[in-house]
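Biologist: Please show me the model, and then let us go through it by question and answer.

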Protein chains: 2
Amino acid sequence: MKNLRTIEQCCSPLLQEPIEPAEAVQLATAFKVLGDPARLRILSLIAAGSAGEMCVCEMVGPLGLSQPTVSHHLKVLHEAGLLRREKRGTWAFYAVVPERVEALRDALSVTAAVPA
Amino acid sequence: MKNLRTIEQCCSPLLQEPIEPAEAVQLATAFKVLGDPARLRILSLIAAGSAGEMCVCEMVGPLGLSQPTVSHHLKVLHEAGLLRREKRGTWAFYAVVPERVEALRDALSVTAAVPA
DNA sequence: ATAGTCCATCGACGGATGTCAATATATGGA
DNA sequence: TCCATATATTGACATCCGTCGATGGACTAT
C-alpha cells in the first residue's frame with residue numbers, strides 16, 4: 001500500500017487517450033480500493049445517511065464485521081482520499097469526499113466531459 | 001470468479017441510496033476487474049486505438065507481458081462484460097463494451113443522473 | 001500431411017489481501 | 001487515580017491473484 005497520497009492528479013479518461021503505465025498503476029490502485037464489498041457498503045452507509053458523516057461505532061453493527069476489520073477498511077478508504085476523518089472526543093467521524101469519487105468516475109467517461 | 005454474467009443489472013448509485021449487501025458484492029466484483037494496471041491499459045489500448053478493436057498479438061508487445069498473462073486478463077475483462085470478443089481466422093479481436101463502462105461510471109454518481 | 005502461427009488453458013509459485021482475536025492507545029467520567 | 005468506552009494497531013491465518021513456462025487446440029499455407 002504505497003503511493004496513495006499522490007493519486008490526486010489521476011484520472012484522465014482512459015478510454016479516450018492512451019493511458020501511461022504509471023497512471024494505470026495509480027488508477028488501478030484507486031479502483032482496487034473500490035473492489036471490496038465492505039468498503040462499498042461503508043461508502044454507501046455514510047453517504048446515504050442523513051448526517052453526511054458517521055462514527056465507527058455506528059457502522060460495526062450494520063456491516064456485520066468485527067471492529068478491527070471495519071477500522072482497517074476505513075484506513076484504506078481514508079488513505080485513498082475517499083474519506084475524510086474527524087476525531088471528536090473518543091469518537092472518529094468519517095465523511096465521503098465527493099470530489100474524489102467524481103474524479104474516479106470521470107476516468108470512466110466514454111465521451112468527452114463537459115467543462116465545469 | 002463467479003457471478004460474472006449477472007452483473008448486468010448492477011450499478012445503482014451507491015452514494016445516493018443505501019446499497020444492498022448482495023449488490024455490493026456485484027459492484028465490488030466489477031471494480032476489482034478495473035483494479036489492475038494491466039487491465040486498464042488493455043482497455044485504453046483498445047479504446048484509444050483507431051480501429052475500435054484489436055487482436056491479441058497487437059497487445060502483447062506494448063503491454064510488456066507474456067502472451068498467457070495477456071490472455072488471462074482478456075478473459076477476466078470479457079467475463080466481466082467489459083470486452084466483446086470476435087474470432088476471425090486464427091485471430092481473436094477484442095472491443096470495448098461502452099455501455100458496460102458507463103454502467104460502472106454511473107454507480108459512482110454523486111448527483112442524480114439525467115435521464116437519457 | 002506437415003509445419004507454423006495465434007490463442008487459450010494448465011500448473012506452479014510468490015506476494016498481496018480480508019478477516020479475526022488480542023493488545024495497545026486515547027479520551028472522558030467517577 | 002482508576003475504570004469504561006471508542007478506536008487503532010499487531011500478528012497470524014487462509015485465501016485470492018498476477019505472473020510465467022509449458023502445453024494443447026485450432027486454423028492456414030505450403
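What follows is a conversation about the two chains, their contact and the DNA strands.

Modeller: This is a predicted model, in which local features need pLDDT of at least 70, side-chain atom pairs count only at pLDDT 80 or more, and totals for chains, interfaces and linings use all residues. Residues are numbered from 1 along each chain as its sequence is written, while chains are lettered from A and ligands numbered from 1 in the order in which they are written.

Biologist: What relation holds between chain A and chain B, given a turn of 180°?
Modeller: The copies are superposed by least squares on the C-alpha atoms of residues with pLDDT of at least 70 in both. A turn of 180°, with a shift of 0.0 Å along the axis, lays chain A on chain B with an RMSD of 0.0 Å. That is the relation of a two-fold axis.

Biologist: Which elements give two or more residues to the side of chain A that touches chain B?
Modeller: Residues are in contact if their C-beta atoms, placed from the backbone, lie within 7 Å, and the contact takes 33 residues from chain A and 33 residues from chain B. Helices (H or I, at least four residues) and strands (E, at least two) are DSSP runs, numbered from the N terminus. On the side of chain A that touches chain B, the elements giving two or more residues are α1 (21–34), α2 (37–48) and α5 (98–107) of chain A.

Biologist: How do the residues of that side of chain A divide by class, and how many are nonpolar?
Modeller: Ala, Val, Leu, Ile, Met, Phe, Trp, Tyr, Cys and Pro count as nonpolar, Asp, Glu, Lys and Arg as charged, and the others, Gly among them, as polar. On this side of chain A, six residues are charged, four are polar and the nonpolar ones number 23.

Biologist: Is P98(A) buried, exposed or partly exposed?
Modeller: P98(A) lies in helix α5 of chain A. The classes follow the number of other C-beta atoms, placed from the backbone, within 10 Å of a residue's own: buried at 20 or more, exposed at 12 or fewer, and partly exposed in between. Because P98(A) has 14 C-beta neighbours inside 10 Å, it counts as partly exposed.

Biologist: Which element gives the most to the surface near DNA strand D?
Modeller: A residue is near a strand if its C-beta atom, placed from the backbone, lies within 6 Å of it; 24 residues surround DNA strand D, the closest being C57(A), P68(A), S66(B), P68(B) and T69(B). Two or more residues each come from α3 (56–63), α4 (67–79) and β3 (91–96) of chain A, together with α4 (67–79) of chain B. With six residues, the element that gives the most is α4(A).

Biologist: And which element has the largest share of the surface near DNA strand C?
Modeller: DNA strand C is surrounded by 24 residues, of which the closest are S66(A), P68(A), T69(A), C57(B) and P68(B). The elements giving two or more are α4 of chain A and, from chain B, α3 (56–63), α4 and β3 (91–96). The largest share, six residues, belongs to α4(B).

Biologist: In what order do the three strands of the open sheet in chain B lie?
Modeller: Strands pair if DSSP finds at least two bridges between them, and six bridges join β2(B) to β3(B). The edge strands, each pairing on one side only, are β1 (53–55) and β2 (83–88) of chain B. The pairing is antiparallel, and the order is β1-β3-β2.

Conventions. Contact = placed C-beta atoms within 7 Å.
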